[in-house]
Structure formats: C-alpha cells, structure tokens
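Visitor: I would like to learn how to read salt bridges in a model. Could you walk me through it?

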Amino acid sequence: QVQVEESGGGSVQAGGSLRLSCAASGGTFATYTMGWFRQAPGKGREFVAALSFNGYSAAYGNSVKGRFTISKDNARNTVHLQMNNLQPEDTALYYCAARDTWGGNRQYHESDFAHWGQGTQVTVSS
C-alpha cells in the first residue's frame with residue numbers, strides 16, 4: 001500500500017514562491033505517476049499537476065500553467081511542486097497523490113488517483 005505525505009506549505013505574499021514536497025513509501029515509487037491537487041474552502045478538488053513515472057511527461061491544470069513546475073526524484077522517492085508568482089486564488093489545501101500508470105497529457109480528475117496524502121496548507125495574501 002502506497003503512502004504519501006506532503007510538506008512545505010505555508011504563508012506567502014502575492015508574487016512569492018513556495019516549494020511543496022511529497023514523500024512516498026510502501027510501493028515502487030519509480031513506477032508511479034505522481035500528481036498534485038488542491039482544494040479551496042467550499043470548492044471541489046482541482047487538478048494542479050501530474051508527472052509520469054520517468055519524469056519525461058507532465059500535465060498541468062489550466063490555472064497554474066507557466067507558474068508551477070512538478071518534478072520527481074526517484075532516488076529519494078520524492079516529488080516536488082515549485083510554485084512561483086503565487087496569487088491569492090492559489091490559497092488551498094494541496095494534496096499529493098499517486099497512481100499506477102501515466103494517463104497522458106490531460107486534465108486529471110481526483111478519481112484518477114488511488115493513493116492520497118493528508119494535504120498541506122498554502123495561504124497567499126494580497
């Protein structure tokens with residue numbers, strides 16, 4: 001059973017940057033597609049980014065393209081989300097997730113991922 005745990009959340013002013021990390025255990029990390037989702041208060045879970053098992057293919061949510069970058073360190077069983085030019089609308093609880101296969105460069109739904117962390121809070125003030 002794969003377990004994932006997020007870290008790196010915090011508070012930042014608009015225009016600032018944060019880097020989230022997700023550590024995975026209990027499975028063969030190098031074979032997993034990893035993803036990030038977020039959920040703001042009163043809203044559904046939104047796709048942010050996904051990365052193929054080998055790190056060669058990535059997909060991004062439309063609202064974060066050009067600002068966020070997902071990367072994977074298979075040697076450390078870790079995936080990162082570099083978030084630049086953060087805006088108040090990026091405020092949310094950010095979740096890391098894992099799935100067995102790469103589903104292509106598309107907008108993923110939360111039901112596409114089987115394993116989830118507890119989330120880390122990101123707050124952006126104006």
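Visitor: Is Arg-106 buried, partly exposed or exposed?

Guide: Happy to start there, and keep in mind that this model is predicted. Arg-106 has a relative accessibility of 31% and counts as partly exposed, because that class lies between the 20% and 50% cut-offs.

Visitor: Which residue does Arg-106 form a salt bridge with?

Guide: The general idea is to look for a side-chain nitrogen of Lys or Arg within 4 Å of a carboxyl oxygen of Asp or Glu. Here the partner of Arg-106 is Asp-112, with the closest N and O atoms 3.1 Å apart. Asp-112 is partly exposed too, at 23%.

Visitor: Which residues are joined into one network by salt bridges that share partners?

Guide: Those are Arg-38, Glu-46, Arg-67 and Asp-90. Within that group, Arg-38 pairs with Glu-46, and their closest N and O atoms are 2.8 Å apart.

Visitor: And how accessible are Arg-38 and Glu-46?

Guide: Arg-38 is buried, with a relative accessibility of 5%, whereas Glu-46 reaches 33% and is partly exposed.

Visitor: Which side chain does Asp-73 meet in a salt bridge?

Guide: That of Arg-76, with an N to O distance of 3.0 Å. Asp-73 is partly exposed at 21% relative accessibility, while Arg-76 is exposed at 64%.

Visitor: Finally, how many salt bridges does a search of the whole structure find?

Guide: The search gives 5 salt bridges, among them Arg-38 with Glu-46, Asp-73 with Arg-76 and Arg-106 with Asp-112.

Note on methods
Residues numbered from 1 in each chain as written. Predicted model: local features only at pLDDT ≥ 70, side-chain atom pairs only at ≥ 80, totals over all residues. Heavy atoms only, no water. Buried < 20%, exposed > 50% of the residue type's maximum accessible area, 1.4 Å probe, protein only.
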